[in-house]
Structures are given as C-alpha cells and as structure tokens.
Amino acid sequence: MSGAIRDPRLRWAAVFAAAVVLIALPFAVDAVLGRAWVRIIDVALLFILLGLGLNIVVGYAGLLDLGYIAFFAVGAYSYALLASPQFGLHGSFVVVLPLAALVAAAFGVLLGAPTLKLRGDYLAIVTLGFGEIIRICLNNLNRPVNITNGPQGITLIDPLAIGDIALNKTYTIAGFTVAPVHSYYFVFLACAAASIFISLRLEDSRIGRAWIAIREDELAAGSMGINTRNVKLLAFAMGATFGGLAGGLFASFQGFVSPESFTLLDSIMVLCMVVLGGMGNVGGVVLGAALLTALPEALRYAGPLQKQWLGDVYIDPSDLRMLLFGLALVLMMLFRPAGLWPSTLRRREFAGGEDAHAAQ
C-alpha cells in the first residue's frame with residue numbers, strides 16, 4: 001500500500017494518537033457543540049455498523065438490497081421483546097444482543113434462499129418487498145395476540161447494564177460527568193471498530209475474494225469452482241448479522257422501538273451511505289455514514305441563519321436539507337461515480353471504462 005506507514009513505531013504512535021482523539025471526542029464535542037451532537041455521533045456509529053453490513057451484500061457480493069433496514073428492525077425487536085416488560089422478560093444483554101444478531105442472520109438466510117437466481121433490478125424489487133413485509137408485520141402483530149404492540153411500539157426497553165452499572169445513568173468519574181450518551185458512545189465505538197476489523201479481514205479472505213468474484217462475473221466464478229449458492233447466502237447472513245447487532249444496540253439506546261423507525265427511506269439512506277462513500281471500501285463506507293448522518297443535522301441551522309441574515313425564514317430547513325441532499329447525490333454520480341473514497345479495484349474499473357469510452 002502506497003500510503004501506509006512502514007515504520008512500526010510510527011504506526012503505533014498513529015494508532016495511539018487516534019485512540020486518544022476518539023476517547024476525548026465525546027467530551028470535547030459536548031463542551032463545544034452540546035450534548036445533542038454527542039447523540040448524533042452515537043447515531044452515526046450505528047449507521048456505520050449498518051453501512052458495513054450492507055457493504056458486504058452490495059459492495060463485496062454485488063447483491064442490490066433495498067430492504068436492508070428489515071434486519072435492523074428484526075434485531076431491534078428481538079432485543080426489545082427479550083429485554084422489556086412486553087413479555088416480562090429482562091434478559092442480560094450478554095445473551096440478548098448476540099441472540100438478536102443471530103435472529104437477524106436467520107432472516108438474512110430466509111431472504112437469500114428464494115432470491116439466489118435473481119439479479120439486478122429483480123433482486124432489488126424482491127428485497128424492497130421483504131423490507132416492507134417486515135415493517136407491516138411489526139405494525140400489525142398486536143392482534144389477536146399482542147406480540148409487537150403494533151403502531152404504539154415497545155417501551156421501557158432495558159438499557160445495557162452490568163450488575164448495578166447501567167448505561168442509561170449518569171456517573172462522575174475523576175471529576176468528569178459521564179452521561180448516557182457518553183457511555184453508549186464507547187460501546188458503539190467498540191462495536192464499530194470490531195466490525196471494521198471483521199470487514200477488513202473478510203475482504204482479504206478466501207470468502208471475500210469469492211464474493212468479489214461473484215460480483216464481477218457470477219458465471220465465471222461458478223465455473224472456477226466457487227459454490228455461488230452458499231457464498232451468496234453467507235453474504236446475506238453476514239450482512240444481516242451486522243444489521244441485527246446495530247438494531248439491538250439501537251433498541252437499548254432509545255429505550256423504545258416502533259415500526260416507524262424502519263421505513264424504506266432508511267434503507268435508501270444506508271444504501272446512499274455505501275454508494276456515496278465508495279462501495280467495497282471500508283474506509284469509504286465509514287466516511288459516507290459519518291457525512292450523511294452529520295450533514296442533514298448541520299443543515300437544521302439553515303432556518304436560524306436565514307432569520308438572522310435575511311430577517312425571515314424563506315426556505316423551510318427540512319425542504320432545504322432534502323434539496324441539498326438530492327443535489328449532492330446528483331453531483332456525486334456525475335463527478336465521482338465510484339464514491340468519495342472508492343476501493344482500488346473500483347477506481348481501476350471506472351478509470352478503465354473512461355479510457356475505453358475516450359478511445360471510441
């Protein structure tokens with residue numbers, strides 16, 4: 001790698017500096033921008049988890065999934081049902097959180113099995129329908145037996161806790177006030193770091209190379225001895241596992257889940273994060289998730305700025321957010337079709353395509 005730090009001492013120094021910055025980040029943001037922005041960082045870390053999971057399906061294996069948010073919903077509701085007064089169960093997160101990820105993985109296989117022969121637009125339509133089926137089921141499973149509490153959702157979900165230490169409480173440690181958003185930040189950061197490590201290892205593994213081979217040419221991959229059926233199912237299962245883990249963390253963080261949190265727009269947003277950052281590149285996905293979580297929130301200040309500079313609010317901030325978001329996507333597809341930080345392979349593919357077009 002051309003940009004890598006070769007000296008081990010410099011490499012460890014860079015890792016240490018990055019760790020110090022990440023540890024201090026929530027407290028610095030809290031002091032400068034307020035606690036609401038720490039919460040936004042927490043949400044960004046959850047979207048990084050979702051983006052990394054979808055990147056396995058779309059970026060590595062080339063399987064277009066428009067219903068990925070369904071796995072997020074399955075993980076969230078699995079955690080909520082097993083750690084809330086809904087069924088009177090209050091399981092430990094050490095058991096419930098991995099179980100939520102496993103249930104989501106099972107749903108990933110359930111989705112993948114009937115779609116093995118589908119590609120492109122057909123696969124996108126089927127996965128879109130799967131996502132809507134999950135949301136509608138969650139919205140209606142309150143009769144004749146109340147399972148999900150319907151549109152009202154599930155409340156009073158247990159937070160992550162070890163013994164008497166619960167992350168939804170505020171603590172004072174060495175003179176620092178550690179609020180729930182700070183505590184959850186470190187848990188989400190650890191999960192995101194582990195997911196990044198797993199994604200990088202998968203990319204360089206035999207399985208990762210098989211996914212990439214299927215993405216490039218499934219027929220050629222099959223003729224070379226790759227079991228395309230099992231490898232595609234594994235991609236769906238691994239991607240769903242990341243989504244289920246993020247869903248369980250989201251449920252414990254919010255303390256409440258409802259079907260309205262898992263709409264088609266959320267699936268589109270996660271897909272945009274992967275495409276905008278750079279499909280197939282872990283760093284690009286992290287960058288895309290961070291940008292598309294923070295920028296819409298930053299644009300909320302457009303209303304007060306209009307009031308201050310122009311004397312009145314002429315464009316509603318919510319409309320301005322979506323307008324600029326759409327404009328950014330159009331410009332990205334025109335000038336950076338491979339994403340802000342594409343993988344080396346995709347950069348080569350797009351460069352080769354441009355050269356061939358110029359030659360014609």
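Which residue's side chain meets that of Arg119 in a salt bridge? Keep that in mind while you read two ground rules. This is a predicted model, so local features need pLDDT of at least 70 and side-chain atom pairs count only at pLDDT 80 or more, while totals for chains, interfaces and linings use all residues. Residues are numbered from 1 along each chain as its sequence is written, and side-chain values use heavy atoms, with hydrogens and water left out.

**Exercise 1. Find the partner of Arg119 and follow the network from there.**

Step 1. A salt bridge is a side-chain nitrogen of Lys or Arg within 4 Å of a carboxyl oxygen of Asp or Glu. The partner of Arg119 is Glu218, at 3.3 Å from N to O.

Step 2. Now place the two residues. Arg119 sits in the loop between helix H4 (93–112) and helix H5 (120–140), and Glu218 in helix H8 (residues 218–223), so the pair ties together parts that are 99 residues apart in sequence. Helices here are DSSP runs of H or I with at least four residues, strands are E runs of at least two, and both are numbered from the N terminus.

Step 3. Check the accessibility: buried means under 20% relative accessible area, exposed over 50%, and partly exposed in between (1.4 Å probe, protein chains only). Arg119 is exposed at 53%, whereas Glu218 is buried at 17%.

Step 4. Look for another partner of Glu218. Lys232 forms a salt bridge with Glu218, with the closest N and O atoms 3.2 Å apart. Lys232 lies in helix H9 and Glu218 in H8, so this pair ties together parts that are 14 residues apart in sequence. Shared partners join Arg119, Glu218 and Lys232 into one network.

**Exercise 2. Describe how helix H2 (residues 35–60) passes helix H9 (residues 228–254).**

Step 1. Two packed helices are described by the angle and the distance between their axes. Axes are lines fitted to C-alpha atoms, for helices over the stretch in contact, and angles run from 0 to 180 degrees between N-to-C directions. The axes of H2 and H9 come within 6 Å and cross at roughly 165°.

Step 2. Pick the right word: under 35 degrees is roughly parallel, over 145 roughly antiparallel, 65 to 115 roughly perpendicular, and the rest oblique. H2 and H9 are therefore roughly antiparallel.

Step 3. See who touches whom, with contact meaning heavy atoms within 4.5 Å. Among the residues involved are Leu46, Leu49 and Gly53 of H2 and Phe242, Ala246 and Leu249 of H9.

Step 4. Sort the contact residues into classes. Ala, Val, Leu, Ile, Met, Phe, Trp, Tyr, Cys and Pro count as nonpolar, Asp, Glu, Lys and Arg as charged, and the others, Gly among them, as polar. You get 15 nonpolar, four polar and two charged.

**Exercise 3. Do the same for H2 and helix H11 (residues 282–298).**

Step 1. These axes come within 8 Å and cross at roughly 140°. H2 and H11 are therefore oblique to each other.

Step 2. The contact includes Phe47 and Gly51 of H2 and Val286 and Ala289 of H11. Its residues divide into 14 nonpolar, three polar and one charged.

**Exercise 4. Spot the backbone features at Pro144 and Asn149.**

Step 1. Most residues other than glycine have a negative phi, and most peptide bonds are trans.

Step 2. The bond from Arg143 to Pro144 is cis, with omega near 0°. Pro144 is in the loop between H5 and strand E3 (154–155).

Step 3. Asn149 has a positive phi of about 65° although it isn't a glycine. Asn149 is found in the loop between H5 and E3, and counts as partly exposed at 23% relative accessibility.
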